[in-house]
Amino acid sequence: MSNPDRLQTVLEPRDEVRIVGQYYDDKTARLIRKYGPGPKIHYHLGHYPSSRTPLDVEEATADEIRHSIRLHQEGLLRYAAKIWGAEHRLSGRVLDIGCGLGGGSLFLAQEYGAEVTSVTNAPEHAPIVEGFARDSGVGDKVRVLVCDAMQLPQEETFDAAVAIESSGYFDRPRWFERLAHVIRPGGSVCVEEVFLTRPHGADVWTEYFYTKPATVSDYAEAAEAAGFELVDDVDATFETAPFWDESTAWTRAVLDGDESLSAVDRRNLRISLLANQALGAEWRAGGLKLGFLRFEKK
């Protein structure tokens, strides 16, 4: 049961925000199956320092592949934390915007003692995040806010905002304008995202994720207009490519090995399989890139 003191709903979401929220609400059980069990569940790519998966994905079981995916997703957060200087920039009051099922929020609270406000537009995710935070012993450090990222309440001030593969759904100029009201001077906006490098990459990404990726320049321009400066830009495309191999292999292993799947589940998994194959190909062809950005409020 959710804690009413920690769960807030702010304003009515825009239609497109409601659609995305419903999309992720509908995916909850599938996300937990693939990236669970909790309490720390991540829904983003993994970081592979050697630029290859340590598994023989053709021989590995679905559980072995899932374990590797989870390990490297946590590795991506640790890599991001190093780039962003989390020990002093993400150890205070932090917004985790587009928090998913809360894996990143729990990571920041556990590893750096951050007081995290986890922002989601998927109402069904809120009590799950709260429960996971309690299970992880950081229930007093993580609160959940259900709202549109462009409608963040302005009554509070934060040291930083983090968006892990979520900002692609945002209206960037409005988002940075809103952040300018809630991030303290000298504070940071840290973004890990998939960025566009050629038009075909946008088509492949948009078809599956319902949002068109932008360029780093698009972000920098929106940030500059709101009073933020781009100070870090790190490309990790090469080191994240193996994620698509493991994600594809996990889906194939489940399709081949789980006879209890319903017809609907099989259809969804086949769609996911084709999408992961296409995304992996586009990743290696240079049509999309994975980057870590940090903006500082002037």
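**Ser-105, an enclosed cavity and backbone geometry in the predicted model**

Ser-105 is found in helix H5, which spans residues 103–112. The model is predicted. Ser-105 has 0% relative accessibility and therefore counts as buried. Its side chain forms a polar contact of 2.7 Å with the side chain of Ser-118. Ser-118 also appears among the contacts of Ser-105 once neighbours within four places in sequence are set aside. The others in that set are Asp-96, Cys-99, Val-116 and Val-142.

The cavity search returned 1 cavity of 30 Å³ or more. The volume of the largest cavity is about 70 Å³. Its lining includes Leu-77, Ala-80, Ala-81 and Trp-84. Leu-90, Asp-96 and Gly-104 also belong to the lining, as do Phe-107 and Leu-108. Val-162 and Ile-164 complete the list. Asp-96 thus has two roles here: it lines the largest cavity and is in contact with Ser-105.

Three elements each supply at least two lining residues: helix H3 (62–84), H5 and strand E5 (158–164). H3 gives the most, with 4 residues. By class, the lining of the largest cavity holds 9 nonpolar residues, 1 polar residue and 1 charged residue.

Backbone geometry in the loop between helix H2 (28–35) and H3 was examined next. Pro-37 lies in this loop. The peptide bond joining Gly-36 and Pro-37 is cis, with omega about 0 degrees. Pro-39 is found in the loop between H2 and H3 as well. A cis peptide bond also leads from Gly-38 to Pro-39, with omega near 10 degrees. Ser-51 is a further residue of the loop between H2 and H3. Its phi is positive, near 65 degrees, although Ser-51 is not a glycine.

A positive phi also occurs at Glu-165, another residue that is not a glycine; the value is about 50 degrees. Glu-165 lies in the loop between E5 and helix H7 (172–182). At 16% relative accessibility, Glu-165 counts as buried, because the cut-off for burial is under 20%.

Arg-267 provides a contrasting case of accessibility. This residue is found in helix H12, residues 263–285. Its relative accessibility is 54%, so Arg-267 counts as exposed. Arg-267 and Glu-64 are 203 residues apart in sequence. In space, their C-alpha atoms are 23 Å apart.

Conventions: Residues are numbered from 1 along each chain as its sequence is written. This is a predicted model: local features need pLDDT of at least 70, side-chain atom pairs count only at pLDDT 80 or more; totals for chains, interfaces and linings use all residues. Side-chain values use heavy atoms; hydrogens and water are left out. Buried means under 20% relative accessible area, exposed over 50%, partly exposed in between (1.4 Å probe, protein chains only). A polar contact is a pair of N or O atoms within 3.5 Å; within protein, one must be able to donate a hydrogen and the other to accept it, and residues adjacent in sequence count only if both atoms are side-chain atoms. Contact means heavy atoms within 4.5 Å. On a 1 Å grid over the protein atoms alone, a cavity is a set of points where a 1.4 Å probe fits but cannot get out, and a pocket is an open set with protein on both sides within 12 Å along at least five of seven lines; lining residues have an atom within 4 Å of a point. Grid points are joined across faces, edges and corners, and a volume is the space filled by probe spheres set on the points. Ala, Val, Leu, Ile, Met, Phe, Trp, Tyr, Cys and Pro count as nonpolar, Asp, Glu, Lys and Arg as charged, and the others, Gly among them, as polar.
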